[in-house]
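Visitor: I'm new here, so could you walk me through this one and tell me how each label is earned?
Guide: Happy to; let's have a look together.

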Amino acid sequence: VQLQASGGGLVQPGGSLRLSCAASGSIFSINAMGWYRQAPGNVRELVATIAGGDSTNYADSVKGRFTISRDNAKNAVYLEMSSLRPEDTAVYCCYARIRPTSTMAANNYWGQGTLVTVSS
């Protein structure tokens with residue numbers, strides 16, 4: 001199983017970006033999906049999660065500005081980020097709790113990080 005993230009880049013304060021992450025390989029089912037971020041010198045922070053039933057959860061720092069969604073047909077999760085602030089600068093990593101086959105237990109799989117830089 002592999003997760004491929006994309007969409008990071010440089011954006012000015014107040015701007016928007018959309019991150020994407022797609023899972024591939026042996027996938028029987030996907031439960032929760034989400035995004036973490038880590039800024040230099042900081043601990044990893046949970047940004048947003050979306051459960052299999054589409055319930056969502058957000059860090060207080062991004063509520064009202066970020067929106068997480070998923071496309072089950074594409075095994076993908078997205079993060080729409082708006083009103084970006086310099087403090088949103090971080091490496092963003094996606095994850096998914098995946099059951100590879102019907103006989104295997106679910107495990108968390110991680111994508112590579114994608115850098116988001118918010119600066120003028």
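Visitor: Why is R37 called buried?
Guide: This is a predicted model, and in it R37 has a relative accessibility of 6%. Buried means under 20%, so R37 counts as buried.

Visitor: And what makes R37 and D88 a salt bridge?
Guide: The closest N and O atoms of D88 and R37 are 3.0 Å apart. The cut-off is within 4 Å, so the pair qualifies as a salt bridge. D88 sits in the loop between β8 and β9, while R37 belongs to strand β4 (residues 29–38), so the pair ties together parts that are 51 residues apart in sequence.

Visitor: Is D88 buried or exposed?
Guide: Buried, and R37 is too.

Visitor: Which residues are joined with R37 into one network?
Guide: E45, R65 and D88, through salt bridges that share partners.

Visitor: How do you know that E45 forms a salt bridge with R37?
Guide: Their closest N and O atoms are 2.7 Å apart. That is within 4 Å, so the label fits.

Visitor: Why is E45 called partly exposed?
Guide: E45 has a relative accessible area of 29%. Buried needs under 20% and exposed needs over 50%, so E45 falls in between and is partly exposed.

Visitor: How many salt bridges does the structure hold?
Guide: Five. One of them is between the side chains of E80 and R18, at 2.8 Å from N to O. This pair links distant parts of the chain, with E80 in strand β8 (residues 76–81) and R18 in strand β3 (residues 17–24), 62 residues apart.

Visitor: What makes E80 and R18 partly exposed?
Guide: E80 has 36% relative accessibility, and R18 has 41%. Partly exposed lies between 20% and 50%, so both residues get that label.

Visitor: Now to the strands. Which side chains of β11 are buried?
Guide: In strand β11 (residues 114–118), the side chains of T114, V116 and V118 point to one face and are buried. L115 and T117 point to the other face and are not buried.

Visitor: How do you know that β2 pairs with β11?
Guide: Pairing takes at least two bridges, and three join strand β2 (residues 9–11) to β11, so they pair, running parallel. V11 has V118 as its bridge partner in β11.

Visitor: What makes β9 and β11 a pair?
Guide: Three bridges join strand β9 (residues 90–99) to β11. At least two are needed, so they pair as well. These strands run antiparallel, and A90 stands opposite V116 in β11.

Conventions: Residues numbered from 1 in each chain as written. Predicted model: local features only at pLDDT ≥ 70, side-chain atom pairs only at ≥ 80, totals over all residues. Heavy atoms only, no water. Buried < 20%, exposed > 50% of the residue type's maximum accessible area, 1.4 Å probe, protein only. Helix = DSSP H or I, 4+ residues; strand = E, 2+ residues; numbered from the N terminus.
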